[in-house]
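Here are some worked exercises on salt bridges, an interface, cysteines and a surface patch. Try each task with the structure open before you read its solution.

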Amino acid sequence: MTSIGILQIAIFLGIILACTKPLGAHMVKVFEGQRTFLHPVLRWLEVLTYKVTGIKEDVEQRWTHYTAALLSFSIFGFLLTYLLQRAQGYLPFNPQNFGTPNMPPDLAFNTATSFVTNTNWQAYSGEATMSYFVQMAALAVQNFASAAAGIAVAVALIRGFARQEKKTIGNFWADVTRATVYVLLPISIVGGLLYVSQGAIQNLKPYTEVTTVEGAKQVIAQGPVASQEAIKQLGTNGGGFFNANSSHPFENPTPLSNLLAMFLIFVIPAALTYTFGKMVGDTRQGWAIFAAFSVMFLIGVFVCYHFEQAGNPILANRGLQTAATSGQSGGNMEGKEVRFGIANSALFATVTTDASCGAVNSMHDSYTPIGGLVPLFNMMTGEVIFGGVGAGLYGILLYCILAVFIAGLMVGRTPEYLGKKIEQKEVKMAMLAVIATAFSILVFAALSSVITFPAKGYWNPQGAAIANLNNSGPHGFGEILYAYTSSTGNNGSAFAGLTVNTPWYDLTLGLAQLIGRFLFLIPLLAAAGSLVMKKKVPETAGTFPTHGPLFVGLLVGTVLIVGALTFFPALSLGPIVEHYLMQSGKLFSMLLPTLGIWS
Amino acid sequence: MPTTIATEPQVTPQLPPDDPTSLLPKKLVRARPLFDPEIVNRAVRASFGKLNPVTLLKNPVMFVVEVGAAITTVFLIRDLFTGAGNLGFQFQISLWLWFTVLFANFAEAMAEARGKAQADSLRKTKTDAIAKRLTSSGTVEQVTASALRAGDCVICDARDLIPGDGEVIEGIATVDESVITGESAPVIRESGGDRSAVTGGTRVLSDQIKIKITSNPGETFLDRMIALVEGAERQKTPNEIALNILIAGLTLIFLLAVITLQPYSVFSVAQAGSGSVPTVAVLVSLLVCLIPTTIGGLLSAIGIAGMDRVMQHNVLAMSGKAVEAAGDVNSLLLDKTGTITLGNRQAVEFLTINGVTDQELADAAQLSSLADETPEGRSIVILAKEKYGLRGRHIPEHEAEFIPFSAYTRMSGVNFEGRQLRKGATDAIITFVMERGGEAPGYFKEMSDRISRNGGTPLAVADGKRLLGIIHLKDIVKGGMKERIAQLRKMGIRSVMITGDNPLTAAAIASEAGVDDFLAQATPKDKLEYIRKEQASGRLVAMTGDGTNDAPALAQADVGLAMNTGTTAAKEAGNMVDLDSNPTKLIEVVAIGKQLLITRGALTTFSIANDVAKYFAIIPAMFMATYPALGKLNIMGLHTPQSAVLAAVIFNALIIIALVPLALRGVKYRPLDAASLLRRNLLIYGIGGIIAPFPGIWLIDQLLVALRMA
């Protein structure tokens with residue numbers, strides 16, 4: 001690790017820390033329906049939305065209504081996204097004339113679930129299959145909608161803790177509208193302009209055909225990139241305009257735009273911790289969660305950075321220079337952009353998987369085994385290290401419930417968090433969410449590891465599902481595991497190396513996304529519904545303290561241990577054994593000879 | 001005639017001396033040795049009976065272990081015929097898996113057997129007594145106790161066994177209640193007031209009483225007590241249910257992790273081209289090691305033992321829920337008299353007015369109190385003797401006229417040798433003096449008020465028309481009470497003193513005892529309202545009570561500890577009964593409740609933390625043949641894959657047995673604030689739970705290899 005690399009990581013976290021309180025306080029006002037400095041400019045838009053849709057902003061909903069609203073909103077979004085993709089041939093802004101065949105039903109299904117669930121898993125390749133109109137009207141809109149829905153759920157859960165002896169947890173429609181109008185939209189507009197300033201493109205032109213220096217013809221894709229880029233990061237969506245995502249120079253042209261991207265990914269999840277603390281009436285509670293986030297983030301980023309900078313010993317043994325020098329980044333540069341280098345690639349990979357973003361600026365598949373284990377494990381925790389917009393907060397609150405329940409008894413009282421007793425209902429719901437996540441990752445990965453398909457089937461080419469892998473051995477297994485983990489975690493980043501655009505993978509990954517989103521947040525909304533009705537027990541010296549370093553340690557321990565205990569067997573057959581094999585100088589290349597690449 | 005009653009146990013119950021460092025008395029009244037051979041025998045037998053899968057289904061974790069044990073046994077039998085597999089290894093795995101279930105059953109059976117043993121000794125006292133029932137015509141007929149119904153009236157003479165629960169409606173008698181309380185000193189039971197309740201199975205020692213029976217056979221206090229200690233009425237408490245959901249959820253997650261490991265290994269073995277997919281025995285072993293068997297096996301034992309511990313303190317909890325609630329209590333309502341202060345006020349000082357010598361006042365005070373049998377009166381005599389050397393005198397009754405205290409005159413005293421000695425309320429005595437032509441100095445009233453303000457009771461003394469001075473009566477705060485209340489505060493519990501005194505007096509005692517709040521001139525209605533107010537702000541309230549007028553408040557409180565000497569109504573309303581009728585016990589009950597919850601949390605944390613080490617034992621063992629590089633994870637250096645898996649399984653089984661004493665006794669509880677408690681327990685059971693299995697598994701592995709068992 002280089003000092004300049006460490007400094008950049010420190011600066012990044014410093015900026016996030018600085019913005020947490022102002023944005024967090026702004027969101028408190030937004031979601032408590034108070035006037036903000038943006039109201040003079042944007043209130044008309046909020047009012048207009050209510051008028052057009054017939055929403056009564058002051059009517060509060062119980063958790064069941066809130067959930068029903070969320071589901072209907074998501075189903076509508078899904079149908080709209082699906083239909084727009086299928087109908088793109090008949091719609092405007094389509095200079096490359098992409099048609100229905102470019103988006104077959106299974107792919108359109110996968111993409112629609114993917115964007116509605118804030119996953120933005122990309123089985124499609126943007127520039128080769130999708131019109132500008134679909135990118136703008138279907139995908140970018142869902143980037144806003146799914147992010148706003150995530151924030152709404154988090155705010156509803158916060159209300160569950162903040163209110164007492166009430167029945168309602170807010171109005172979903174008002175929460176989504178306010179999140180969009182006062183938080184996502186303004187930041188995205190500023191962010192989009194900053195992207196343009198760095199050289200991200202923004203046009204509706206047909207693709208440019210150029211002749212390269214070598215005289216070859218090259219098609220350069222165009223499009224409204226900058227506008228989509230800001231919300232892609234800010235909403236922790238991660239679906240790139242181009243297949244190469246944030247490693248593409250039009251999406252992420254400079255180190256500064258790279259910093260902007262990472263800033264946008266973390267800023268709302270970080271600020272929500274303050275919003276949480278403020279709304280429950282004790283900002284220390286919010287800062288404790290921020291601290292837990294930061295600890296886990298720093299562990300991840302430095303492990304990843306360390307192993308990427310250390311590089312591959314097999315190459316070093318062959319006499320390659322792997323140490324960093326003034327003119328050379330050293331380490332493992334395979335699959336990384338030279339303009340970002342190792343520190344900013346490792347940092348980006350950690351940030352994008354801590355949060356459920358999934359944008360990538362380097363090839364995670366090319367990371368060293370432990371370097372790649374970090375993004376994978378980040379997602380396995382349920383993305384509760386800052387996490388997705390809203391999703392990170394409601395995810396960590398689930399872990400708070402578990403941590404308090406397991407260890408809270410040790411202070412000699414039945415467990416309580418923020419004065420709310422944690423009882424059967426809350427534990428049941430929290431466990432349901434954890435089990436659903438574990439089920440989706442473990443079972444789908446297991447199925448894909450062993451399933452075989454008959455000839456001329458619809459689902460997959462004949463033979464084993466693992467034939468879609470480009471790598472064999474532990475790394476190949478890691479690729480399958482990563483795909484289902486990323487989908488279940490609604491992350492959307494890919495290890496790649498796995499051909500996923502077949503009906504089998506489209507369907508199972510799509511299901512994983514739906515399970516990961518809805519079987520996680522519905523139980524939490526149910527818990528919110530139960531919590532909101534409870535009285536708050538006043539805090540005393542006998543109360544389990546949930547704001548000090550001890551709780552931060554306990555929370556981090558719970559997240560890491562629950563994640564590790566659930567996934568250690570799977571990980572040991574993937575990146576862990578791959579790491580030891582690499583150390584002992586062994587390469588796994590069983591499939592490669594048959595492809596004729598390795599001699 | 002009377003058979004000797006088996007008093008169980010024979011030890012005279014006695015609260016141990018107050019130890020300010022501990023809220024739990026060190027010596028338990030009804031304690032049995034933890035591993036009483038009789039109980040152990042009973043428990044061992046019961047643990048086999050509990051193998052029945054239908055009963056085990058209630059405990060999902062142990063049910064999964066049993067299914068796992070059955071599966072490995074089936075595979076073992078299959079392989080016995082086919083000759084395939086490593087029979088010795090499979091046999092040992094199956095055996096230890098069965099042991100795991102048995103150990104958990106044993107823990108529960110131990111807890112239950114302790115209760116049953118207690119129930120048996122109680123049942124011995126349930127002899128079918130002959131009752132003397134009063135017929136409607138007023139004659140006495142002899143019937144068996146089981147023929148009595150609520151509403152019947154019976155007569156009990158000296159040495160009669162009281163045939164059923166009831167209330168004394170006529171007469172007064174001393175009763176031996178050692179059957180219920182273990183206390184051999186007889187108690188007085190009389191009609192009217194708060195000492196009228198009698199319990200079936202106790203024995204009248206003197207006099208005759210008429211009793212109105214209040215319960216039908218099978219519903220008596222003794223019957224309920226037997227049912228409670230036997231666990232027949234045991235229901236899972238809310239927190240226990242929630243914890244069960246958690247560990248069942250974890251079991252499901254580990255089931256997923258282990259089941260999917262099979263296809264992962266199929267993939268890995270095919271890719272690596274070496275090794276083999278782990279056998280069923282190994283997969284089951286991994287599963288059993290991972291699922292929280294420690295807490296799963298001990299959870300119900302902890303609950304039963306918690307009830308049992310309350311019982312050992314001579315408190316009868318009507319439900320486990322009440323014990324759990326005790327741990328959660330935020331406010332303790334403590335009666336001043338008998339709980340915070342010694343039962344009675346004592347004379348501490350004689351204050352004279354000008355022109356009166358101390359000796360004169362002491363002499364008058366003593367004389368006026370000679371016939372006063374109240375504790376206050378006696379304390380005056382004692383003070384006079386100790387401070388002024390006045391020896392007790394005997395006044396022949398015919399020479400003196402004793403004036404008893406009356407609510408009307410508010411004074412008492414003696415007419416003796418022409419003197420009219422009086423002591424009483426200040427204004428009553430002033431009036432007495434003035435009526436006889438005497439006078440009271442101006443500062444006298446102020447003297448008296450000063451005592452009141454400081455929480456004392458002034459008792460003016462006069463000799464005819466001559467005012468002598470004031471006796472200062474004071475409430476004495478019990479030794480160690482202040483420390484206990486400070487501890488309670490540290491634990492986050494507010495203590496509230498309830499008293500009938502005026503606010504001034506109450507405030508003074510409250511500050512002396514260090515309580516957080518007080519309720520002065522409290523009527524039963526005030527108490528009830530105070531509890532409601534506390535509960536409305538989210539607090540849980542505990543209180544003690546004995547009178548019928550306490551019943552509503554006892555019922556409203558989250559923990560209502562009724563005194564056994566109290567009325568039936570009070571006992572019905574509360575959810576606990578203290579057989580020793582010692583209101584201070586409330587503090588111990590709270591400590592036991594906390595201890596119960598801490599034990600649960602500690603063992604849950606320990607159980608989950610243990611898994612880390614087991615992974616390091618089993619995962620490399622499973623895949624060393626497929627990926628030899630994974631041998632690096634074998635940080636304990638276990639000898640062979642078989643020895644590693646066996647060692648983990650054996651450790652997992654033995655830890656249950658090793659923790660049975662902890663589950664039954666409860667973890668050590670110190671009254672600390674939550675943060676310190678958490679830090680301490682996380683260190684012991686969390687970090688300790690991660691570390692402990694490493695040396696444990698290593699040692700078992702060494703033994704297995706040394707014994708050539710793997």
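**Exercise 1. Classify the partners of a salt bridge**

Find how the side chains of A:Arg284 and A:Asp282 meet, then decide whether each residue is buried, partly exposed or exposed.

*Solution.* Keep in mind that this is a predicted model. Step one: the two side chains, A:Arg284 and A:Asp282, form a salt bridge with an N to O distance of 3.0 Å. That fits the cut-off, which asks for a side-chain nitrogen of Lys or Arg within 4 Å of a carboxyl oxygen of Asp or Glu. Step two: A:Arg284 has a relative accessibility of 41%, so it counts as partly exposed. Step three: A:Asp282 is at 16%, and therefore counts as buried, since buried means under 20%.

**Exercise 2. Follow a pair through the sequence**

Work out which elements of chain B are tied together by B:Lys336 and B:Asp475, and how many residues apart they are in sequence.

*Solution.* Begin with the contact: B:Lys336 and B:Asp475 make a salt bridge at 2.6 Å, N to O. Next, place the partners: B:Lys336 belongs to helix α11 (residues 336–340) and B:Asp475 to strand β17 (residues 466–477), so the pair links parts of chain B that are 139 residues apart in sequence. Finally, check the surroundings. B:Lys336 is buried because its relative accessible area is 3%, and B:Asp475 is buried too, at 4%.

For practice, set beside this the salt bridge of B:Glu435 and B:Arg436, with N to O at 3.7 Å. Here B:Glu435 counts as exposed at 63% relative accessibility, while B:Arg436 is partly exposed at 33%. Salt bridges can also share partners: A:Arg43, A:Glu46, A:Glu57 and A:Arg178 are joined into one network in this way.

**Exercise 3. Describe the interface**

Describe the contact between chain A and chain B by its residues, its buried area and its salt bridges.

*Solution.* Start with the residues: 64 from chain A and 66 from chain B take part in the contact. Then turn to area. About 5500 Å² is buried between the two chains, and carbon and sulfur atoms give 77% of it. On the chain A side, A:Met410, A:Leu565 and A:Leu573 lose the most area to chain B, together 15% of what that side buries. Last, look for charged pairs: 1 salt bridge is found across the interface. The side chains of B:Asp328 and A:Lys421 meet in a salt bridge at 3.3 Å, N to O. For the whole structure, the search gives 44 salt bridges over all chains.

**Exercise 4. Test a pair of cysteines**

Explain why B:Cys153 and B:Cys156 do not form a bond.

*Solution.* First find the closest cysteine sulfur to that of B:Cys153: it belongs to B:Cys156 and is 11 Å away, which is too far for a bond. Starting from B:Cys156 leads back to B:Cys153, again at 11 Å and too far. The cut-off for a disulfide is a pair of sulfur atoms within 2.5 Å. B:Cys156 itself counts as buried, because its relative accessibility is 2%. Over all chains, the count of disulfides is 0.

**Exercise 5. Map a nonpolar patch**

Name the residues that make a nonpolar surface patch of about 500 Å², and place B:Trp698 in its helix.

*Solution.* The patch is made by B:Trp698, B:Leu699, B:Leu703, B:Leu707 and B:Met709. B:Trp698 sits in helix α24 (residues 693–706) of chain B. With a relative accessibility of 38%, B:Trp698 counts as partly exposed.

Methods: Residues are numbered from 1 along each chain as its sequence is written. Chains are lettered from A and ligands numbered from 1 in the order in which they are written. This is a predicted model: local features need pLDDT of at least 70, side-chain atom pairs count only at pLDDT 80 or more; totals for chains, interfaces and linings use all residues. Side-chain values use heavy atoms; hydrogens and water are left out. Patches are made of residues with over 30% relative accessible area and no salt bridge: like charges are joined within 9 Å, nonpolar side chains (Val, Leu, Ile, Met, Phe, Trp, Tyr) within 5 Å. Accessible areas come from the Shrake-Rupley method with a 1.4 Å probe; for residues, only the protein chains shown count as cover. Helices (H or I, at least four residues) and strands (E, at least two) are DSSP runs, numbered from the N terminus. Buried means under 20% relative accessible area, exposed over 50%, partly exposed in between (1.4 Å probe, protein chains only). Contact means heavy atoms within 4.5 Å. Buried area is the accessible area (1.4 Å probe) that two parts lose on being put together, summed over both.
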